[in-house]
Amino acid sequence: MASSADSAPSIAVVAGEPSGDMLASRLLSGLRTHLPHARFHGIGGPQMIAQGFESHWPIETMTVRGLFEVIPRYRELKRIQNTLRDRLIAERPAVFIGADYPGFNLGLEAQLRDAGIPTMHYIGPQIWAWRGGRIKKIVRSVSHMLVVFPFEAPIYEKAGVPVTYVGHPLAEVIPLAPDTAAARRTLGVPEDANVVTMMPGSRMGELKYNTVAFVEAVKLLQARDRSLRVLVPMAGDRQKAYFRELVAGAGLQDVPLQLLDGQSHAAICAADAVLVASGTASLEVALFKKPMVIAYKMMRASWEIMRHMGYQPWIGLPNILAREFLVPELLQHHASPQALADAMWQQLTDVPHRLQLVQRFTDMHHSLLRNSAEESAAAVMKVIANR
């Protein structure tokens, strides 16, 4: 299909995880105002589909985490990448946009750019945290980078990659002054309850390694406070079923938990403190101005490699943005149930610390607040116009 910005162009997008689905959906909403008749297609999730996106494969097909966990899936993912590449080279979309998911998207972007198709990448890979050598691949693969943190733009400018800082969409979605009481009413939680929200991850691999330690930590917390309510938002039915299987396998099925279908933002907003796996969810917790403990476990072989590849002492986005340990991070063997429970108890009971976090997270929120849908769409339109 020959495409142009004036005649209903085709725009291809790939998101491989829920966070990318959210990012891309915001971008698509901005593009719709400029290109109301465009065809948006590729790989995406429910939020993108709600914007009229056509997904050729379910986003669940793409989700995998860790260096060794990807090996059994390599052939399947490579086949999807090659099939999509061939379709897009034949079709010639006006632009290809990779929404995060760099392990898959950067390789696809390089091939499409070599074929003369403009490529964009929305949310820069964390080269400032680890794998800085990836900048060389980005230079070859990406026509224009969209970044969501203000300190990222100079990194790409120095490397010669055209870049636009568009702000973080979550800073627009989450209110500056969240209404905890309203969230509790929505979830049927008493307004005066003590509430912990537990977020062991949206990926199956994250659930596998985090769930049991998280639930055991909650059991210890409930021994200290019998009235403690625990909310657990689940990303989907598969995740919920697997979570229950892991909990039952560890003999923890009697720990009182309130499992939710989605509703992660309401669950965070309703909480007094959150136990969260590292990733975008930790930024969501910060934007809701909640105390938290960041914890993460993974396959031992992956951990042994990745722990030597970091450039800075933090892995949680709130701490990275603050350039200090605002909230605790407990990783791998340090994320024992007792350590998690002790750290969470401090987050729940240290009132001066809680008040300090509200101010720091409010400042962080302001620094990330832009009209990301419009600014990212405007950058895409410039790339289309200049192709």
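**Close-up 1. Strands and a helix cover the buried side of helix 10.** Among the elements covering the buried residues of helix 10 are strand 8 (195-199), helix 9 (204-224), strand 9 (229-234) and strand 10 (258-261); covering here means contact, with heavy atoms within 4.5 Å. Helices (H or I, at least four residues) and strands (E, at least two) are DSSP runs, numbered from the N terminus. This is a predicted model, in which local features need pLDDT of at least 70, side-chain atom pairs count only at pLDDT 80 or more, and totals for chains, interfaces and linings use all residues. Residues are numbered from 1 along each chain as its sequence is written, and side-chain values use heavy atoms, with hydrogens and water left out.

**Close-up 2. The two faces of helix 10.** Q239, K240, Y242, F243, L246 and V247 are the buried residues of this helix (buried: under 20% relative accessible area; exposed: over 50%; partly exposed: in between; 1.4 Å probe, protein chains only). Viewed down the axis of helix 10, these buried residues fall within an arc of 165°, so they line one face; the arc is taken from the directions from the helix axis to the C-beta atoms. On the face turned away from the buried side, look for the exposed residues D237, E245 and G249. After helix 10 comes G251, with a positive phi near 70°.

**Close-up 3. Q222 in helix 9.** Q222 sits in helix 9 and counts as buried because its relative accessibility is 9%. Setting aside neighbours within four places in sequence, Q222 is in contact with L228, V230, V255 and P256.

**Close-up 4. E109, a buried residue without a salt bridge.** You will find E109 in helix 4 (residues 102-114). The nearest side chain of opposite charge, R113, is 8.7 Å away (Lys and Arg count as positive, Asp and Glu as negative; His and the chain ends are not counted). Not counting residues up to four places away in sequence, E109 touches F96, G98, T119, M120, H121, S141 and V142.

**Close-up 5. R39 and its salt bridges with E54 and E91.** A salt bridge puts a side-chain nitrogen of Lys or Arg within 4 Å of a carboxyl oxygen of Asp or Glu. The closest N and O atoms of R39 and E54 are 3.2 Å apart. This pair links distant parts of the chain, with R39 in strand 2 (residues 39-44) and E54 in strand 3 (residues 54-58), 15 residues apart. For E91 and R39, the closest N and O atoms are 3.1 Å apart. That pair also links distant parts of the chain: E91 belongs to helix 3 (residues 74-91), 52 residues from R39.
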